[in-house]
Amino acid sequence: MTDLLRLTEVYRSFSLEGQRIDVLRGINFAMQPGEMIALTGASGAGKSTLLHLLQGRLIASEGTVELNGSIALMPQRAAIDWTFPITVSQMVTLGQTNRRTNRQTNCATLLERVGMGDMGSRRLNQLSGGQQQRVLLARALMQESDVLLLDEPCSAIDPPTRDHLLGVMRQQASSGQTLLVSSHDWGSALDSYDRVIVLDGRVLAFGSPEEVRTKLTDLTCMMGSHCCG
């Protein structure tokens with residue numbers, strides 16, 4: 001099967017007082033259509049940097065990124081100004097570029113899928129944290145991309161909302177979309193995804209949940225309370 005996304009010896013570096021600092025070091029992995037992969041690691045491990053590099057907002061300092069399709073990003077909730085005076089439906093369709101489908105019909109369908117079918121006219125500043133996450137997921141799905149990057153989509157939300165969003169993501173993978181999901185929640189990463197990438201500037205482990213669990217048993221714990229649990 002042809003890889004949909006492949007990274008080969010990817011570095012992302014910056015200079016500080018004349019010294020090179022590598023945020024990402026020699027990243028190698030590939031993803032295939034229909035996979036749902038967790039990208040996990042401690043705060044500062046480089047997860048968001050890697051997602052932004054894949055999206056094209058950052059450029060690799062070294063190495064190659066090969067993408068055979070389109071890509072979209074669901075950003076972290078904190079990156080959005082939720083006081084912006086628009087409705088939920090307007091937020092979902094904002095910046096939508098796919099002309100193959102009717103925007104309003106598709107928006108209503110997606111809001112229904114994420115459990116917000118009756119909230120299209122609600123203002124952004126009226127939403128709870130879990131509702132905001134649902135809106136961001138619907139907006140990302142609106143792009144109908146081949147690869148969907150999700151930056152901490154299940155952070156700081158209640159378990160029922162988390163489980164619902166994970167269910168929607170699993171449906172997307174089953175339909176052929178490839179998902180790379182950033183998460184600091186070590187436990188759910190091992191239980192909910194096809195494969196797991198453990199990142200700490202470099203790839204500590206990459207494989208099935210069972211393979212990653214076995215490998216990390218032999219590694220020094222580098223992920224605080226979320227590691228090796």
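**Exercise 1. Is F206 buried, partly exposed or exposed?**

Solution. Start with the model itself: it is predicted. Next, take the relative accessible area of F206, which is 27%. Buried means under 20%, and exposed means over 50%. F206 is therefore partly exposed.

**Exercise 2. Describe the aromatic pair that a search of the whole structure finds.**

Solution.
- Step 1: Count. The search of the whole structure turns up one aromatic pair.
- Step 2: Identify the partners. They are F29 and F206.
- Step 3: Choose the descriptors. Two aromatic rings are described by the distance of the centres and the angle of the planes.
- Step 4: Apply them. The centres of F29 and F206 are 5.8 Å apart, and the planes make 70°. Over 60 degrees counts as edge-to-face, and this pair is edge-to-face.
- Step 5: Place the partners in the chain. F29 belongs to strand β2 (residues 19-31), F206 to strand β9 (residues 203-207). The pair therefore ties together parts that lie 177 residues apart in sequence.
- Step 6: Check burial. F29 is buried, at 4% relative accessible area. F206 is partly exposed, at 27%.

**Exercise 3. Work out the strand order of the open sheet that three strands form.**

Solution.
- Step 1: Join β1 to β2. Strand β1 (residues 5-16) runs antiparallel to β2, with nine bridges between them. One residue pair to look at is F14 with its bridge partner I21 in β2.
- Step 2: Look at the turn. β1 and β2 make a hairpin, with two residues between the strands. E17 sits in this turn and has a positive phi of about 50°.
- Step 3: Join β1 to β4. Strand β4 (residues 62-67) pairs with β1 over five bridges, also in the antiparallel sense. T8 stands opposite T64 in β4. R6 has E66 as its bridge partner in β4.
- Step 4: Write the order. The open sheet reads β2-β1-β4, with antiparallel pairing.
- Step 5: Find the edges. β2 and β4 each have a single partner strand, so one side of each has no neighbour in the sheet.
- Step 6: Add the helix. Helix α1 (residues 47-55) packs on this sheet and touches β1, β2 and β4. The directions of α1 and β1 make about 115°.

**Exercise 4. Which residues of α1 are buried, and what follows the helix?**

Solution. First, list the buried residues of α1: K47, L50, L51, H52, L53 and L54. Then step past the end of the helix. G56 follows α1, and its phi is positive, near 100°.

**Exercise 5. Locate S13 and list what it touches.**

Solution.
- Step 1: Find its element. S13 lies in strand β1.
- Step 2: Judge its burial. The relative accessibility of S13 is 14%, so S13 counts as buried.
- Step 3: List its contacts. Leaving out residues up to four places away in sequence, S13 touches R20, I21, D22 and S61.
- Step 4: Compare chain and space. S13 and I59 are 46 residues apart along the chain, and their C-alpha atoms are separated by 9.7 Å.

**Exercise 6. Lay out the open sheet that six strands form.**

Solution.
- Step 1: Write the order. It is β5-β6-β7-β3-β8-β9, with mixed pairing.
- Step 2: Mark the edges. β5 and β9 each have a single partner strand, so one side of each is left without a neighbour in the sheet.
- Step 3: Give the twist. From one strand to the next, it averages 15°.
- Step 4: Inspect one pairing. Strand β6 (residues 147-151) and strand β7 (residues 178-183) pair in the parallel sense, over five bridges. V147 has T178 as its bridge partner in β7.
- Step 5: Add the helix. α7 packs on the sheet and touches β8 (195-199) and β9. The directions of α7 and β9 make about 145°.

**Exercise 7. Where is S208, and is S208 buried or exposed?**

Solution. Place S208 first: it is in the loop between β9 and α7 (209-217). Its relative accessibility is 18%, so S208 counts as buried. Beyond its neighbours within four places in sequence, S208 is in contact with D194 and R195.

**Exercise 8. Describe the largest pocket.**

Solution. Its volume is about 220 Å³. It is lined by 13 residues, and the closest to its centre are Q55, L73, P75, R139 and Q143. The elements that give two or more residues to the lining are β5 (71-74) and α4 (129-141).

Definitions and conventions:
Residues are numbered from 1 along each chain as its sequence is written. This is a predicted model: local features need pLDDT of at least 70, side-chain atom pairs count only at pLDDT 80 or more; totals for chains, interfaces and linings use all residues. Side-chain values use heavy atoms; hydrogens and water are left out. Rings of Phe, Tyr and Trp (its six-membered ring) pair if their centres lie within 6.5 Å; planes under 30 degrees apart count as stacked, over 60 as edge-to-face and the rest as tilted. Helices (H or I, at least four residues) and strands (E, at least two) are DSSP runs, numbered from the N terminus. Buried means under 20% relative accessible area, exposed over 50%, partly exposed in between (1.4 Å probe, protein chains only). Two strands pair if DSSP finds at least two bridges between them. Contact means heavy atoms within 4.5 Å. Axes are lines fitted to C-alpha atoms, for helices over the stretch in contact, and angles run from 0 to 180 degrees between N-to-C directions. On a 1 Å grid over the protein atoms alone, a cavity is a set of points where a 1.4 Å probe fits but cannot get out, and a pocket is an open set with protein on both sides within 12 Å along at least five of seven lines; lining residues have an atom within 4 Å of a point. Grid points are joined across faces, edges and corners, and a volume is the space filled by probe spheres set on the points.
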